[in-house]
Amino acid sequence: MAIYSKVYLPDKIKYKRYIDKIYKTSWITNNGKLKIKLEKKLKEFLKVKNVILVSNGTVALQILYRALSLKGNVITTPFSYVATSNTLIWEGLSPNFVDIDKDTLNIDVTKISSNINNSTSAILPVHVFGNPCDIEEINKIAKKNKLKVIYDASHCFNTNYKGKSILSYGDASIMSLHATKIFHTIEGGAIITNNNTLAKRIRMISNFGKNDNDKYEILGINAKMNEFEAAMGLCNLHEFSKIKKFRKKIWNFYYLNLKNHFSFQIFSKHSIPNYSYFPIIFKTEKSLIKAIKLLNKNKVYVRRYFYPSLDKIFFSRKYGKCINSNNIAKRIICLPISQELNKNNLLKITKILINSVELKN
Ligand SMILES: Cc1ncc(COP(=O)(O)O)c(C=O)c1O
């Protein structure tokens, strides 16, 4: 049987109950009851002021750039998923890639200030694998230079920093709620902000620019989450403690068995992982490729994530060259985490990995 990160599906009977409700009312989208309920529940669960659910994390970023009227250059990291920089380019903005810290894998805050110029309007850091960025320093730089801060917190469901939700920092944060995420709505995204006026603007932009009186007040787009997705979110939220529990168990197994053989991302001492990902860093790309070949031969499938470094993609090469990001992107993989993995599967994976780096050829 193949081993990979299989998507989590909640109890079918529970989901069906929601589907029955949807069929009864025929209300399947357009700010439906289940979407409103999920927003309310997420606001309470995450302890944040405003949650706006949208159709995916990519469009969540695009909406925020518009809502905050960003212009010119945006400082960001090349060690992320392609959506982070693609959305900037798509919206007519220029990513300004700043290299990462090779230990935390987040944007290197010591390199931000020297990249700011008259055209810079914002900083867009990513909390990579749920590891909080240096929030205080980013805030200081943004304040001094009058820049907006948007956090790509796609990996940060249920992540706290200094006892508070990581999503409550900066002008706003986005999360991806894609099927591959620890908490998902099939496809989906969320925008989180403490600013009520900004939240109102975001709601309008994501619904064709319409205000509460059904008048077009602003240029908008369609980014609505539908009721089937919201139902999936309600089920997964109900089962979240179970999801986190099995992921933590797998995470701890990998950690204990691999800590003497691979390097890991250094995590902030003000936070703990949410067990979304288990990334391991090889000494060389050659040893990574050898390990992947061996794993695949044994029907184990891992993800090169993030790869490549975004500054290596042909259409974004002109936005900067980042040595650390390239170096890490070539040597990192994320291991499978899924409910179906048992101890034998985990022993098999770790054994292959250890053999691949210890055995000569
Ligand atoms: C860091 C990061 N940003 C943005 C996205 C885009 O989110 P979505 O797939 O929901 O559009 C992802 C998705 O994997 C991501 O990992």
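**Exercise 1. Overall size**

What radius of gyration would a compact globule with 361 residues have, and what does the protein have?

*Solution.* Start with the ground rules: this is a predicted model, in which local features need pLDDT of at least 70 and side-chain atom pairs count only at pLDDT 80 or more, while totals for chains, interfaces and linings use all residues. Residues are numbered from 1 along each chain as its sequence is written.

Step 1: take the globule rule, 2.2 Å times the number of residues to the power 0.38, with the radius of gyration taken over C-alpha atoms.
Step 2: for 361 residues a compact globule would come out near 21 Å, and the protein has 21 Å, which agrees.
Step 3: add the box; along the principal axes, the C-alpha atoms fill roughly 70 × 55 × 40 Å.
Step 4: add the secondary structure, which is 11 helices and 11 strands. These are DSSP runs numbered from the N terminus, with helices being H or I of at least four residues and strands E of at least two.

**Exercise 2. Two domains and their contact**

Find the domains, then describe the side of domain 1 that touches domain 2.

*Solution.* Step 1: the protein is divided into domain 1 (12-238) and domain 2 (240-358); such bounds come from an automatic or database domain assignment.
Step 2: taken over C-alpha atoms, the centres of domain 1 and domain 2 are separated by 25 Å.
Step 3: domain 1 brings 33 residues to the contact and domain 2 brings 28 residues. Two residues are in contact if their C-beta atoms, placed from the backbone, lie within 7 Å.
Step 4: on the domain 1 side, α4, β3 (94-97), β6 (160-161) and α7 (227-238) each supply at least two residues. Of these, β3 gives the most, with four residues.
Step 5: by class, that side of domain 1 has 16 nonpolar, 12 polar and five charged residues. Here Ala, Val, Leu, Ile, Met, Phe, Trp, Tyr, Cys and Pro count as nonpolar, Asp, Glu, Lys and Arg as charged, and the others, Gly among them, as polar.

**Exercise 3. The ligand shell**

Which residues are the closest to the ligand, and how many surround the ligand?

*Solution.* Step 1: the shell has 13 residues, and the closest are Gly57, Thr58, Tyr81, Ser154 and Ser176. A residue is near a molecule or strand if its C-beta atom, placed from the backbone, lies within 6 Å of it.
Step 2: α3 (57-67) and α4 (82-90) are the elements that give two or more residues to this shell.
Step 3: sorted by class, the shell has three nonpolar, nine polar and one charged residues.

**Exercise 4. The nonpolar core**

Which residues have the most contacts inside the largest nonpolar core?

*Solution.* Step 1: a residue is buried if 20 or more other C-beta atoms lie within 10 Å of its own, exposed if 12 or fewer, and partly exposed in between, with C-beta atoms placed from the backbone. Buried residues make up 44% of the 361 residues.
Step 2: a nonpolar core is a set of buried Ala, Val, Leu, Ile, Met, Phe, Trp, Tyr and Cys residues joined through C-beta atoms within 7 Å.
Step 3: the largest one has 95 residues, and Val54, Ala60, Ile63, Leu64, Ala190 and Ile191 have the most contacts inside it. Helix α3 gives the most to this core, with seven residues, and the core draws at least three residues from each of domain 1 and domain 2.
Step 4: follow Val54. Leaving aside neighbours within four places in sequence, the contacts of Val54 include Ala60, Ile63, Ile191 and Met225.
Step 5: look at helix α6 (residues 196-205), where Arg201, Ile202, Arg203, Met204 and Ile205 are buried. The buried residues of α6 pack against β1 (50-54), α3 and β9 (189-193).

**Exercise 5. Backbone details**

Where are the cis peptide bonds and the positive phi values?

*Solution.* Step 1: the bond from Tyr305 to Phe306 is cis, with omega near -5°, and a cis bond also joins Tyr307 and Pro308, with omega about -5°. Phe306 is found in the loop between α9 (285-297) and α10 (323-329), and Pro308 lies in the loop between α9 and α10.
Step 2: Asn31 has phi near 50° and is found in the loop between α1 (12-25) and α2 (33-46).
Step 3: Tyr275 has phi near 65° and sits in the loop between α8 (240-258) and β10 (279-281).

Is Tyr275 buried or exposed? Tyr275 counts as buried because it has 20 C-beta neighbours inside 10 Å. Asn31 has 14 other C-beta atoms within 10 Å, so Asn31 is partly exposed.
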